[in-house]
Amino acid sequence: MRKNVVAGNWKMNTTLQEGVKLATEVNEALKNVDAKCDVVICVPFTHLASVNAVIDPAKLGLGAENCADHVKGAYTGEISAPMVASTGATYVILGHSERRQYYGETSETLKEKVNLALANNLTPIFCIGEVLEQRENGSYLEVVKTQIEEALFDLSAEDFSKLILAYEPVWAIGTGKTATDDQAQEMHAFIRGVIAEKYGKEVADNTSILYGGSCKPSNAKALFAKPDVDGGLIGGAALEAESFMGIVTAF
Ligand code: PEP
């Protein structure tokens, strides 16, 4: 059966020292709770190796926030999937709306990134979601279906089963505007249906689909209570151990 997952996305926040402190605090806090979900922190590239050294991998997973669409070579400034894996990280966020919007990521580049992540034993946390206009004009289900089909449906069922999906309505990210639990459930059930059509019910039932977008301790319980919401991808609220743990313990 699918896993519940709460993953933090630190984005471009914290210096190395601040990041190691925050990771240490989350790691300590996890010692005192019986978490009913897998817990992951996705941190800036510069922090990966140092954070890996201070966390217990049995309790806290580590991931990057992106990786390159090439393995190695003349791509100045890029960080490859093998480089990420060599730090000890085992997850990578791919297709975040900020990467799509500000860095021009397309389904074509994301396909490569997913393949390289999987080839290097990284679990992709693959983000999809509509912008406000698409929500308002009613095309949001179709938009998300297309994002999934274009980037992921060339994968074998075996490889698709290794993914975690994160539904992140762009209008809810960092805005304080959360999707209601019913809006999240509608989309998550729809996504599961899209997966079932392509890969069958078993693969669909085993895929963890996280919700992301202004998730916080006060709304996590209601969101996670929905049958197709298997956890959260957490931005702002992951930047303090207390609020992140408030979400982890919402299960
Ligand atoms: C995110 O960027 O993945 C996210 C969910 O951000 P926030 O929680 O701050 O809306």
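**Exercise 1. Describe how helix H7 packs against helix H9 in this predicted model.**

Solution.
- Step 1: Find the helices. H7 covers residues 140-152, and H9 covers residues 181-199.
- Step 2: Take the distance and the angle. The two axes come within 10 Å and cross at roughly 40°.
- Step 3: Classify the angle. Angles under 35 degrees would count as roughly parallel, and 65 to 115 as roughly perpendicular. The H7 angle therefore makes this helix oblique to H9.
- Step 4: Assign the hand. H7 and H9 form a right-handed crossing.

**Exercise 2. Do the same for helix H5 and H7.**

Solution.
- Step 1: H5 spans residues 107-119.
- Step 2: The axes of H5 and H7 come within 8 Å, with a crossing angle of roughly 55°.
- Step 3: That angle makes H5 oblique to H7.
- Step 4: The hand of the crossing where H5 passes H7 is right-handed.

**Exercise 3. Work out which residues surround the ligand, and which polar atoms lie by its oxygen atoms.**

Solution.
- Step 1: List the shell. It holds 14 residues, and Lys11, His96, Glu168, Gly174 and Ser214 come nearest.
- Step 2: Sort the shell by class. Four residues are nonpolar, eight are polar and two are charged.
- Step 3: Check the side chains. An N or O atom in the lysine 11 side chain is 2.6 Å from a ligand oxygen atom. For asparagine 9, a polar side-chain atom lies 3.5 Å from an oxygen atom of the ligand.
- Step 4: Check the backbone. A polar backbone atom of serine 214 sits 2.7 Å from a ligand oxygen atom.
- Step 5: Gauge the burial. Alone, the ligand exposes 290 Å², and the protein buries 95% of that.

Definitions and conventions: Residues are numbered from 1 along each chain as its sequence is written. This is a predicted model: local features need pLDDT of at least 70, side-chain atom pairs count only at pLDDT 80 or more; totals for chains, interfaces and linings use all residues. Side-chain values use heavy atoms; hydrogens and water are left out. A residue is near a molecule or strand if one of its heavy atoms lies within 4 Å of it. A polar contact is a pair of N or O atoms within 3.5 Å; within protein, one must be able to donate a hydrogen and the other to accept it, and residues adjacent in sequence count only if both atoms are side-chain atoms. Accessible areas come from the Shrake-Rupley method with a 1.4 Å probe; for residues, only the protein chains shown count as cover. Ala, Val, Leu, Ile, Met, Phe, Trp, Tyr, Cys and Pro count as nonpolar, Asp, Glu, Lys and Arg as charged, and the others, Gly among them, as polar. Axes are lines fitted to C-alpha atoms, for helices over the stretch in contact, and angles run from 0 to 180 degrees between N-to-C directions. Helices (H or I, at least four residues) and strands (E, at least two) are DSSP runs, numbered from the N terminus. Angles under 35 degrees count as roughly parallel, over 145 as roughly antiparallel, 65 to 115 as roughly perpendicular and the rest as oblique. A crossing is left-handed if the near helix is turned anticlockwise from the far one by less than a right angle, and right-handed if clockwise.
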